[in-house]
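This report describes selected sites of one molecular structure, taken residue by residue and then ligand by ligand. The sequence and the structure are shown first.

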Amino acid sequence: MASFRINTERMLADLDMLRSIGAVKTGVVRPAYSEADRLARIWLAQRMEQAGLEVSIDAIGNVFGLPPGNEKCILIGSHSDTQPEGGWLDGAYGVIVGLEIARASLEQGGTPVACVSFQDEEGRFSTLPGSRVWTGMMSLEEADEYCDSTGLRLGQARLERAGMPAPRSVSTDRFSAFLEIHIEQGPVLDTTGERIGVVENIVGIRTEKMSFLGEQNHAGTTPMHLRRDAFQGLNHFVSTVNGRLAEVATPETVWTVGHVDLHPNANSIVPGRADFTIQWRDADDARLDRMTEIIYATARETADSLHLGWQHFGCDLIAPTQSNATLVEAMAKAAEQLAPGLWRRMPSGALHDAANVSSVLPMAMLFVPSKGGISHDFAEDTDRDDLALGAEVLCEVVARLG
Ligand code: HGY
Ligand code: MN
Ligand code: MN
């Protein structure tokens, strides 16, 4: 059994408090570097200090709670920023479980544990820049140059630190392993009735901003055969690439055009410009490469056939990652002990900071069910007893590793 006990009521109360910072309807709006995000990180830092943890908030805004002393310890965490329309648990759950395990361990003299909330996991500016900078996969200077959809630079956004302590970096050398618990954000556990997922691997992701350029003109006087309509280019591209990607896809392969900006986006004007973002994900890097070739070739063909321009602005990518086998086995044993027969080994179709941290530390992840498989939506939810069970299983994992 664990060398210390967590207090799940206290954990859930902290989770409810975090939910209230940026709350909108049943969800949360707390994008990276927004006022709500800054207030949430300040509150989190205060809770860490009240727990007796030493707080360090680094230059990009990752918030660490460290046990006193310099002993190597386990790091547990996730992210507290959200999507533009976020659920109350995506990231926040893993941060608060990390806080509770670190706090309970310190209170009861258990295995030393640190906790963390990484910054911008939800990619307002780039693909997980907080944990990429912390692990050295990206420099802070590189991260600073990424812009959000309004054109705001990350380097400008992160300067707003009112109420935060002076930046202090935390070395990855301080830690022996990274554990992340997260809602599944998909339908598997909700469908099977299982309560715990032990994540064996995390898919790779590629995201790229692109534009089709045509000719802005009058929607009433421009004959159809004379138009160079950028939206029709995007429409032709997406319908063509869907069929071609489906030929190389597995049931787990996904691709999404989730952001579109038409210019000038007016009823009576033939759009001269269609800016969009396309994102593709798979567990196999070779398939991701094949998908990249198909996407680029289809975009070029579309532009040529419809006499449009095509621009693309660089592919942001994180490679597929494997969980650490030893940690996975510790998680499997803890899950069987506390949820016998109600758990499974599974992949993660969502991306997580654990993917980046695996470049410097052994990592593994646990999932709890998402009601209806919903996430990245205000309706995201999980039963409170599943949230408690997940935290107990992760605490048992810490005891087994201790
Ligand atoms: O998109 C993702 O997979 C993560 O939730 N940011
Ligand atoms: Mn997340
Ligand atoms: Mn998310």
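Glu100 counts as buried, because its relative accessibility is 0% and burial applies under 20%. The values here and below are computed from a predicted model. Glu100 is placed in helix α3. Beyond residues up to four places away in sequence, Glu100 touches Ile6, Asn7, Arg10 and Met11. One polar contact joins the Glu100 side chain to the backbone nitrogen of Asn7, at 2.8 Å.

Gly109 lies in the loop between α3 and β6 (113-118). In contrast to the buried Glu100, Gly109 is exposed, with a relative accessible area of 65%. The C-alpha atom of Gly109 is separated by 7.6 Å from that of Phe4, although the two residues are 105 residues apart along the chain.

**Two strand residues**

Thr277 belongs to strand β13 (residues 273-282), and Val260 belongs to strand β11 (residues 254-263). Thr277 counts as buried at 16% relative accessibility, whereas Val260 counts as partly exposed at 40%. Leaving aside neighbours within four places in sequence, Thr277 is in contact with Thr207, Glu208 and Lys209, and also with Thr256, Val257, Gly258 and His259. Under that same exclusion of sequence neighbours, Val260 is in contact with Leu234, Asp275 and Phe276. The C-alpha atoms of Val260 and Phe231 are separated by 9.6 Å, with their positions 29 residues apart along the chain taken as the separation.

**The two manganese ions**

Which residues supply the protein donors of the manganese ion (ligand 2)? They are His79 through NE2, Asp90 through OD and His182 through NE2, at 2.1 to 2.3 Å from the ion. Along the sequence these donor residues follow the spacing H-x10-D-x91-H. Asp90 lies in the loop between β5 (73-79) and α3 (92-108), and His182 lies in strand β7 (residues 175-183), so this pair ties together parts that are 92 residues apart in sequence. Asp90 counts as buried at 6% relative accessibility, and His182 counts as buried at 1%.

The manganese ion (ligand 3) has as protein donors Asp90 (OD), Glu122 (OE), a further Glu122 (OE) and His376 (NE2), lying 2.1 to 2.5 Å from the ion. The spacing of the donor residues in sequence is D-x31-E-x253-H. Glu122 and His376 link distant parts of the chain: Glu122 is in the loop between β6 and α4 (129-134), His376 is in the loop between β17 (363-368) and α12 (384-401), and 254 residues separate them. Glu122 is buried, with a relative accessible area of 13%, while His376 counts as partly exposed at 38% relative accessibility.

Asp90 coordinates both ions and thereby bridges the manganese ion (ligand 2) and the manganese ion (ligand 3), which are 3.5 Å apart.

**The surroundings of ligand 1**

Seven residues need to be considered here: Glu121, Glu122, Gln185, Arg281, Ala350, Leu351 and His376 surround ligand 1. This shell divides into 2 nonpolar, 2 polar and 3 charged residues. Among its members, Glu122 and His376 are also donors of the manganese ion (ligand 3).

Polar side-chain atoms of the shell approach ligand 1 at the distances listed below.

| Residue | Atom of ligand 1 | Distance |
|---|---|---|
| Glu121 | nitrogen | 3.2 Å |
| Arg281 | oxygen | 2.7 Å |
| His376 | oxygen | 3.0 Å |

On its own, ligand 1 has 220 Å² of accessible area, of which the protein covers 91%.

**Connections between the sites**

Several residues recur in this account. Asp90 is a donor to both manganese ions, and His376 is a donor to the manganese ion (ligand 3) as well as having a side-chain N or O atom 3.0 Å from an oxygen atom of ligand 1. Helix α3, in which Glu100 is placed, follows the loop that holds Asp90 and precedes the loop that holds Gly109. Strand β13, the element of Thr277, spans residues 273-282; Arg281, with a polar side-chain atom 2.7 Å from an oxygen atom of ligand 1, falls within that range.

Technical notes. Residues numbered from 1 in each chain as written. Chains lettered and ligands numbered in written order. Predicted model: local features only at pLDDT ≥ 70, side-chain atom pairs only at ≥ 80, totals over all residues. Heavy atoms only, no water. Donors = N, O, S within 2.8 Å, 3.2 Å for Na, K, Ca; no water. Helix = DSSP H or I, 4+ residues; strand = E, 2+ residues; numbered from the N terminus. Buried < 20%, exposed > 50% of the residue type's maximum accessible area, 1.4 Å probe, protein only. Near = heavy atom within 4 Å. Polar contact = N/O pair within 3.5 Å; in protein donor to acceptor, adjacent residues only side chain to side chain. Areas by Shrake-Rupley, 256 points an atom, 1.4 Å probe, with all protein chains shown as cover. Nonpolar A, V, L, I, M, F, W, Y, C, P; charged D, E, K, R; others polar. Contact = heavy atoms within 4.5 Å.
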